[in-house]
Amino acid sequence: MRFLCDEMLVRLARLLRAAGYDTYLASGGEADAALLHLAREEGRMVLTRDKRLAAASPDSVLIEGLGVEQEALSLSDAVPIGWDADPFSRCVMDNARLREASAPEVARMPTSVRTGEGPFRACPACGRLYWPGSHVRRMNARLAAIAQTRLGA
Ligand SMILES: [Zn+2]
């Protein structure tokens, strides 16, 4: 599954990328017609808070709720999402697939990180480095909580 999020769903798009899903995030000002065209071309499901945009797309989910957890649950109600499917395989900022960090990149990480187990990853697009630090733990906890909520439902 691949997604296209409207510009209102920045945090949901980042969460989907963190879970490993290929997710295009619209920037403000992109015309609905252009977004629908892109979604069709690339086989992306449209996720939107905009009823009109949802109605205009045959493959879309109208996202409701306040905050990213509610948005994630709203999405999970409509389609099965593996929130821990392939965590940290994509850059949360730009959607690029992460690669293994090179030795010089690992050398730039804090000592406490470098001596740990990894994995150590890097984004080929923006150069952002990923390691199992506090941000990753927080994101993993959030993904696990969402997965758990679905199990309990
Ligand atoms: Zn990146």
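This briefing describes the domains, sheets, core and local backbone features of the structure shown above. The model is predicted. The domain assignment divides the chain into domain 1 (3–78) and domain 2 (99–152). An open sheet of 4 strands has parallel pairing, and an open sheet of 3 strands has antiparallel pairing. The largest nonpolar core has 34 residues and draws at least three residues from each of domain 1 and domain 2.

**Domains and their contact**

- Between the C-alpha centres of domain 1 (3–78) and domain 2 (99–152) the distance is 25 Å.
- The contact between the domains involves 6 residues of domain 1 and 5 residues of domain 2.
- On the side of domain 1 that touches domain 2, the elements giving two or more residues are α1 and α4.
- Helix α4 gives the most to that side of domain 1, with 4 residues.
- By residue class, the side of domain 1 that touches domain 2 comprises 4 nonpolar, 1 polar and 1 charged.

**The parallel sheet**

- The strand order in the open sheet of 4 strands is β2-β1-β3-β4, and the pairing is parallel.
- Strands β2 (23–25) and β4 stand at the edges with a single partner strand each, so one side of each has no neighbour in the sheet.
- Neighbouring strands of this sheet are turned against each other by 20° on average, direction ignored.
- Strand β1 (residues 3–5) runs parallel to β2 and is joined to β2 by 3 bridges.
- Within this pairing, the residue of β2 that stands opposite F3 is T23.

**The antiparallel sheet**

- The open sheet of 3 strands follows the order β5-β6-β7, with antiparallel pairing.
- Its edge strands are β5 (99–100) and β7 (129–130), each of which pairs on one side only.
- Strands β6 (residues 121–122) and β7 run antiparallel and are joined by 2 bridges.
- A122 has L129 of β7 as its bridge partner.

**Helix α1 and the nonpolar core**

- In soluble globular proteins, nonpolar side chains tend to be buried together.
- The residues with the most contacts inside the 34-residue core are L4, C5, L12, L16, A19 and L47.
- At least two residues of this core come from each of β1, α1, α2 (32–42), β3 (45–48), α4 (67–78) and α7 (134–152).
- Helix α1 supplies the largest share of this core, with 6 residues.
- Helix α1 (residues 10–19) is largely enclosed by the rest of the structure, because 8 of its 10 residues are buried.
- The buried residues of α1 are L12, A13, R14, L15, L16, R17, A18 and A19; R14 and R17 are thus listed among them.
- G20, just after α1, takes a positive phi of about 105°.
- Leaving aside neighbours within four places in sequence, C5 is in contact with L12, A13, T23, L25, A26 and L47.

**The surroundings of S57**

- S57 is located in the loop between α3 (51–56) and β4 (60–62).
- S57 counts as buried because it has 20 C-beta neighbours inside 10 Å, and the threshold for burial is 20 or more.
- When residues up to four places away in sequence are not counted, S57 touches L36, A39 and V46.
- The C-alpha atoms of S57 and L47 are separated by 9.8 Å, and these residues are 10 residues apart along the chain.

**Backbone features in loops**

- The loop between α4 and β5 contains F88 and N95.
- F88 is not a glycine, although it has a positive phi of about 60°.
- N95 also is not a glycine, and its positive phi is about 80°.
- F88 counts as partly exposed because it has 19 C-beta neighbours inside 10 Å.
- N95 is buried, with 20 other C-beta atoms within 10 Å.
- The classes assigned to F88 and N95 rest on a cut-off, because a residue is buried if 20 or more other C-beta atoms lie within 10 Å of its own.
- The peptide bond from G118 to P119 is cis, and its omega is near 10°.
- P119 is part of the loop between α6 (111–114) and β6.

Conventions:
Residues numbered from 1 in each chain as written. Predicted model: local features only at pLDDT ≥ 70, side-chain atom pairs only at ≥ 80, totals over all residues. Pairing = 2+ DSSP bridges. Buried ≥ 20, exposed ≤ 12 C-beta atoms within 10 Å, placed from the backbone. Contact = placed C-beta atoms within 7 Å. Axes fitted to C-alpha atoms, helices over the stretch in contact; angles between N-to-C directions. Core = buried A, V, L, I, M, F, W, Y, C linked by C-beta atoms within 7 Å. Domains from an automatic or database assignment. Nonpolar A, V, L, I, M, F, W, Y, C, P; charged D, E, K, R; others polar.
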